[in-house]
Amino acid sequence: METFLKDPDSTVDFAVNWSNWLDVDTIATSVWLTPDGITKDTDTNSTTLTTIWLSGGVLGKLYTITNRITTAAGRTADKSFKVKMVNK
């Protein structure tokens with residue numbers, strides 16, 4: 001699982017590219033699962049890409065962020081990544 005660094009005082013975007021997994025299918029819905037302590041400001045998606053904007057977090061803490069999609073064909077899948085809070 002990939003880990004990204006984020007300053008607790010920053011607001012930044014993280015994207016998941018689903019195109020290889022989707023093949024010819026497309027994203028119908030996207031839901032982000034975020035733990036307490038980090039804030040989802042907004043999210044967007046296209047037919048192959050999902051994006052979340054995160055703010056906050058506690059210095060030194062490691063958060064697991066999960067994106068759950070449902071496709072036009074009715075498949076569901078999760079992809080997760082970690083965000084480590086550091087002073088940048």
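These are my notebook entries on strand pairing, the nonpolar core and the salt bridges in this predicted model.

**Entry 1: strands**

I began with β6, residues 62–71, and looked up its partners on either side. Strand β3, residues 27–33, runs antiparallel to β6 and is joined to it by six bridges. For a point of register I noted that Leu-33 stands opposite Thr-66 in β6. I then turned to β7, residues 76–85, which is also antiparallel to β6, and counted nine bridges between the two. Here the register can be read from Arg-68, whose bridge partner in β7 is Asp-78. I recorded β6 and β7 as a hairpin with four residues between the strands, and I noted that Gly-74, in the turn, has a positive phi of about 95°.

**Entry 2: the core**

Next I looked up the largest nonpolar core, which has 16 residues. Those with the most contacts inside this core are Trp-18, Ile-38, Ile-52, Leu-54, Ile-65, Phe-81 and Val-83. When I asked which elements give two or more residues to the core, I found β2 (11–17), β3, β5 (49–56), β6 and β7. The most comes from β7, which gives four residues. As background I wrote down that in soluble globular proteins nonpolar side chains tend to be buried together.

I followed Ile-38 separately, leaving aside its neighbours within four places in sequence. Its contacts include Leu-54, Ile-65 and Val-83, and beyond these I listed Ser-55, Gly-56, Gly-57, Tyr-63 and Met-85.

**Entry 3: Ala-77**

Is Ala-77 buried or exposed? This residue lies in strand β7, and I found a relative accessible area of 13%; because buried means under 20%, Ala-77 counts as buried. With residues up to four places away in sequence not counted, Ala-77 touches Trp-18, Trp-21, Asn-67, Arg-68 and Ile-69. I checked Trp-21 in particular, since it is 56 residues from Ala-77 along the chain, and noted that their C-alpha atoms are separated by 9.4 Å.

**Entry 4: salt bridges**

How many salt bridges does the structure hold? I found three, and I took them one at a time.

Asp-25 forms a salt bridge with Arg-75, and the closest N and O atoms are 3.2 Å apart. Asp-25 lies in the loop between α1 (19–22) and β3, whereas Arg-75 lies in the loop between β6 and β7, so the pair ties together parts that are 50 residues apart in sequence. I looked up the accessibility of both partners: Asp-25 is buried, with a relative accessible area of 11%, while Arg-75, at 32%, counts as partly exposed.

The side chains of Arg-68 and Asp-78 meet in another salt bridge, with 2.8 Å from N to O. This pair links β6, which holds Arg-68, to β7, which holds Asp-78, and the two residues are ten apart. I had already met them in the first entry as bridge partners between the strands. Arg-68 is partly exposed at 37% relative accessibility, and Asp-78 is partly exposed as well, at 41%.

The remaining entry concerns Asp-43 and Lys-40, whose side chains meet in a salt bridge at 3.1 Å, N to O. I noted Asp-43 as partly exposed at 25% relative accessibility and Lys-40 as partly exposed at 36%.

Key
Residues are numbered from 1 along each chain as its sequence is written. This is a predicted model: local features need pLDDT of at least 70, side-chain atom pairs count only at pLDDT 80 or more; totals for chains, interfaces and linings use all residues. Side-chain values use heavy atoms; hydrogens and water are left out. Two strands pair if DSSP finds at least two bridges between them. A nonpolar core is a set of buried Ala, Val, Leu, Ile, Met, Phe, Trp, Tyr and Cys residues joined through side-chain atoms within 4.5 Å. Buried means under 20% relative accessible area, exposed over 50%, partly exposed in between (1.4 Å probe, protein chains only). Contact means heavy atoms within 4.5 Å. A salt bridge is a side-chain nitrogen of Lys or Arg within 4 Å of a carboxyl oxygen of Asp or Glu.
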